[in-house]
Structure formats: C-alpha cells, structure tokens
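Here is a friendly walk through one model, from its aromatic rings to its sheet and its charged pairs. Keep the 3D view open as you read.

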Amino acid sequence: MEDQRVFVASQWQLMWWRFRKHRLAVASGIVVLGFYGIVVGADFLAYADPNASEAQRSLMPPQSIHWLDGGRFNPHVYAVKGARDPQSFKRVYRADPGEKIPLRFFAEGFEYRFLGLIPTTRHLIGVEPGLDASRAIFVLGTDVQGAISSRG
C-alpha cells in the first residue's frame, strides 16, 4: 500500500517527503524562516528612524549596552562625541562616559506599520522620552567590566 502512494503523489508531496527526511534541510528551513521573521519585524527592532539618519551617523561605531549602573539594573549607553583627528583628518568617535543615555524596552519611537499592517510607535528598545536616539548607536551586548567597576 505504501508503494502505491508514491505513484499517485503530486510533485509537491514527493518533494516534501524527501525534504522531511533530511534534518539539515529542515534546520536550514527553520533558520531561513527566522530571518524572514526578523525582516518582517525590522521596524520593531529599530530604535531610530532610518529615514531621518544623517550621513555622519553611518560612520559611528556601535556600542555595547551597559546593563548595570551602581549595582542596579539601569540599561544605558554613553553618548558618542565626534572630532577630527588632526593627523589623518578622519572623523574619530569616542564614547563620553560623562553623558549616559538611558534606555527603555518597548519604548515610543517613530511611527511605522508593524508587520506592514498595524500602525504603531512601539519599538523593542529605545531611549527615554524626549531624548534623541540618533546621538548613540548601540548593539545588544554585555558590559561586564563596566558592571564590575561600578560596584567597586
């Protein structure tokens, strides 16, 4: 009976049966679907409006998020200051530890359509209300040394 099923199966069924047998193919398919999920939700993950960016901002290095401040959970990044290097004439950016930019989860930000359908202004991560997110570019990371030095 099992052999008869192969003779009447469509091309799509034959491909699906073959695909399911290979674990690497299934795992790769899950990874690809994950990438598509990230692309569909890219505006939710963005913390600053990509249409309002400046050319200089693209040259800024990414920074880590500092999760602890004085032993307490207080996610923040340091403001980034840029200056010209007098010898190479390149623009050099440095984090300014004197100015902390507090971060929030599910923060208000620029307006977009979630999944291309639902208008919203909520983002996964953003800055405190009233602050400009374009003053800092950050990536998710852990600052273990900053957490240790803030305790001491």
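Relative accessible area sorts residues into three classes: buried is under 20%, exposed is over 50%, and partly exposed lies in between (1.4 Å probe, protein chains only). The model is predicted, so local features need pLDDT of at least 70 and side-chain atom pairs count only at pLDDT 80 or more, while totals for chains, interfaces and linings use all residues. Residues are numbered from 1 along each chain as its sequence is written, and side-chain values use heavy atoms, with hydrogens and water left out.

**Aromatic rings**

Let's begin with the rings. Rings of Phe, Tyr and Trp (its six-membered ring) pair if their centres lie within 6.5 Å; planes under 30 degrees apart are stacked, those over 60 are edge-to-face, and the rest are tilted. The structure holds 6 aromatic pairs. One of them is W16 with F19, which is stacked because the ring centres are 5.8 Å apart and the planes stand at 25 degrees. Both residues belong to helix 2 (residues 11-21), 3 residues apart, so about one helical turn separates W16 and F19. Helices here are DSSP runs of H or I with at least four residues, strands are runs of E with at least two, and numbering starts from the N terminus. W16 is partly exposed at 46% relative accessibility, and F19 is partly exposed at 33%.

W67 and F73 form another stacked pair, with 6.1 Å from centre to centre and 15 degrees between the planes. Here W67 is partly exposed at 22%, whereas F73 is exposed at 57%. Elsewhere, F44, F106 and F114 form one aromatic cluster.

A charge can also sit over a ring, if NZ of Lys or CZ of Arg is within 6 Å of the ring centre and within 35 degrees of the ring normal. R5 does this over the face of W17, at 4.2 Å from the ring centre.

**Sheet and core**

Two strands pair if DSSP finds at least two bridges between them. Four strands make an open sheet in the order 2-3-4-5, with antiparallel pairing. Strand 2 (66-69) and strand 5 are the edges, each with a single partner strand, so one side of each has no neighbour in the sheet. Between strand 2 and strand 3 there are 3 bridges, and H66 stands opposite H76 in strand 3.

A nonpolar core is a set of buried Ala, Val, Leu, Ile, Met, Phe, Trp, Tyr and Cys residues joined through side-chain atoms within 4.5 Å. The largest such core has 9 residues, among them Y47, I65, L103 and V127. Strand 3 (72-84), strand 4 (91-114) and strand 5 (118-127) each supply at least two residues of this core.

**Salt bridges**

How many salt bridges are there? The count comes to 3, taking a salt bridge as a side-chain nitrogen of Lys or Arg within 4 Å of a carboxyl oxygen of Asp or Glu.

| Pair | N to O distance | Strands | Separation in sequence |
|---|---|---|---|
| D69 and K100 | 2.8 Å | strand 2, strand 4 | 31 residues |
| K81 and D96 | 3.7 Å | strand 3, strand 4 | 15 residues |
| E108 and R122 | 3.1 Å | strand 4, strand 5 | 14 residues |

The partners D69 and K100 are partly exposed, D69 at 26% and K100 at 39%. K81 is partly exposed at 45%, as is D96 at 22%. R122 is partly exposed too, at 36%.
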